[in-house]
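Dear colleague,

I am passing on the structure we spoke about, placed just below, and after it you will find my notes on what turned up when I went through it. Please read them with the structure open beside you.

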Amino acid sequence: MKNLIISHGDKGGVGKSIFSMLAVEYGLYRERGVAIVEGDTQIGDVKARYENVVPVLSVNLDKSGKDAENAIATLFGHLEALESDFVVMNAPANAHKALDSHAELIAPVAQELGFRICVAWMIGREASSATLANASTICQVADRRIAVVNRHESDYDRDYYWFTVPQYREAWIASGGLTGEIPELASRVGAKVKEYPGQSFASLAGRDSPLFVVERQIIKHWLGKSWEGAVVPLIEED
């Protein structure tokens with residue numbers, strides 16, 4: 001099964017890039033044909049970490065109307081030619097302008113190309129995050145979808161408003177949505193990871209890593225728990 005994995009959330013700072021990186025790492029671990037769509041062209045942190053490892057398509061998805069339609073046409077033209085079977089899309093903030101507004105275009109094209117659409121909705125701390133999740137058209141048409149808490153981004157509010165208001169969570173689950181979380185990475189190790197933006201997490205956890213052994217093991221453990229908590233439930237069938 002070919003997978004188009006979309007890291008969405010429509011807010012900045014909720015962990016879309018982190019989920020995208022974790023999905024890329026999992027695809028590489030499973031020896032899939034991984035490609036990246038870097039939709040956040042202003043920051044481009046996912047591209048920076050993996051551009052020397054896998055094919056990366058930079059497509060500005062912070063567009064609306066015909067500009068968004070042109071961007072989507074360009075994107076899927078490249079994907080059809082590339083023939084990768086594990087594509088990870090890092091959506092920018094305000095990606096609803098392209099993804100949700102053109103979901104009825106994206107879904108049949110992805111289906112014809114043999115892709116299953118898997119959407120990870122990265123949860124913000126506000127009630128609006130839950131409202132947007134349940135209203136997101138790309139989430140509604142996705143084959144699989146998961147709402148993910150990124151614990152590393154919220155060390156002071158561990159419950160999140162999204163999960164503390166029952167009707168939001170219940171509506172998501174009733175519609176077929178899954179829930180998951182990315183555990184917090186020790187801040188000292190996280191800072192070290194940021195010092196090496198061009199290296200994958202797996203390489204930083206490996207024998208040739210420039211990090212201390214204990215730091216490598218912390219990354220390795222965090223990577224495994226992150227896959228288990230957020231990536232595997234979305235991608236792998238029960």
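Is E228 buried or exposed? With a relative accessible area of 53%, E228 is exposed, since the cut-off for that word is over 50%. Please keep in mind throughout that this is a predicted model.

**Salt bridges**

E228 is a partner of K225 in a salt bridge, where the closest N and O atoms are 3.8 Å apart. Both residues belong to helix α11 and stand three residues apart, about one turn of the helix, and K225 is partly exposed, at a relative accessible area of 37%.

Over the whole structure, the search finds seven salt bridges. One of them joins the side chains of D85 and R32, at 3.3 Å from N to O. This pair links distant parts of the chain, for D85 sits in the loop between α3 and β4 while R32 sits in the loop between α1 (16-29) and β2, and the two are 53 residues apart. Both partners are partly exposed, D85 with a relative accessible area of 25% and R32 with one of 24%.

A salt bridge also forms between the side chains of D62 and K97, at 2.8 Å from N to O. Here too the pair links distant parts of the chain, with D62 in the loop between β3 (56-58) and α3, K97 in the loop between β4 and α4, and their positions 35 residues apart in sequence. D62 counts as partly exposed at 34% relative accessibility, and K97 is partly exposed as well, with a relative accessible area of 26%.

In addition, R188, K192 and E215 are linked in a network of salt bridges, and these residues come up again below, where the helices are described.

**Charged residues that are buried without a salt bridge**

Two residues may be worth a look in the viewer, beginning with R216, which lies in helix α11 (residues 213-235). R216 is buried yet has no salt bridge, and the nearest side chain of opposite charge, that of E215, is 7.2 Å away. What the side chain of R216 does reach is the backbone oxygen of R207, at 3.4 Å, and a polar atom of the R216 side chain also lies 3.3 Å from the backbone oxygen of S209. If neighbours within four places in sequence are left aside, R216 is in contact with L204, A205, G206, R207, S209 and L211.

The second is D100, found in the loop between β4 (86-90) and α4. D100 is likewise buried without a salt bridge, and the nearest side chain of opposite charge, that of R145, is 11 Å away. Apart from neighbours within four places in sequence, the residues in contact with D100 are H8, A95, S136, T137 and I138.

**How the helices pack**

Two packed helices are described by the angle between their axes and the distance between the axes. For helix α9 (residues 187-194) and α11, the axes come within 10 Å and cross at roughly 95°, and α9 and α11 are therefore roughly perpendicular to each other. Where they meet, R188, V189, K192 and V193 are the residues from α9, and E215, I218 and I219 are those from α11; the salt-bridge network of R188, K192 and E215 thus has members from this list.

Helix α3 (residues 65-82) and helix α4 (residues 103-112) pack at an angle of about 10°, with their axes 11 Å apart, and α3 and α4 are therefore roughly parallel to each other. The contact is made by E69, I72 and F76 on the α3 side and by L105, I106, V109 and A110 on the α4 side.

**A buried glycine**

Finally, G39 is found in the loop between β2 (34-38) and α2 (45-50), and G39 is buried, with a relative accessible area of 1%. Not counting residues up to four places away in sequence, G39 touches V59, N60, L61, N90 and P92. Between G39 and L204, one of the residues in contact with R216, the separation is 165 residues in sequence and 25 Å in space, C-alpha to C-alpha.

With best wishes

Conventions. Residues are numbered from 1 along each chain as its sequence is written. This is a predicted model: local features need pLDDT of at least 70, side-chain atom pairs count only at pLDDT 80 or more; totals for chains, interfaces and linings use all residues. Side-chain values use heavy atoms; hydrogens and water are left out. Helices (H or I, at least four residues) and strands (E, at least two) are DSSP runs, numbered from the N terminus. Buried means under 20% relative accessible area, exposed over 50%, partly exposed in between (1.4 Å probe, protein chains only). Lys and Arg count as positive and Asp and Glu as negative; His and the chain ends are not counted. A salt bridge is a side-chain nitrogen of Lys or Arg within 4 Å of a carboxyl oxygen of Asp or Glu. A polar contact is a pair of N or O atoms within 3.5 Å; within protein, one must be able to donate a hydrogen and the other to accept it, and residues adjacent in sequence count only if both atoms are side-chain atoms. Contact means heavy atoms within 4.5 Å. Axes are lines fitted to C-alpha atoms, for helices over the stretch in contact, and angles run from 0 to 180 degrees between N-to-C directions. Angles under 35 degrees count as roughly parallel, over 145 as roughly antiparallel, 65 to 115 as roughly perpendicular and the rest as oblique.
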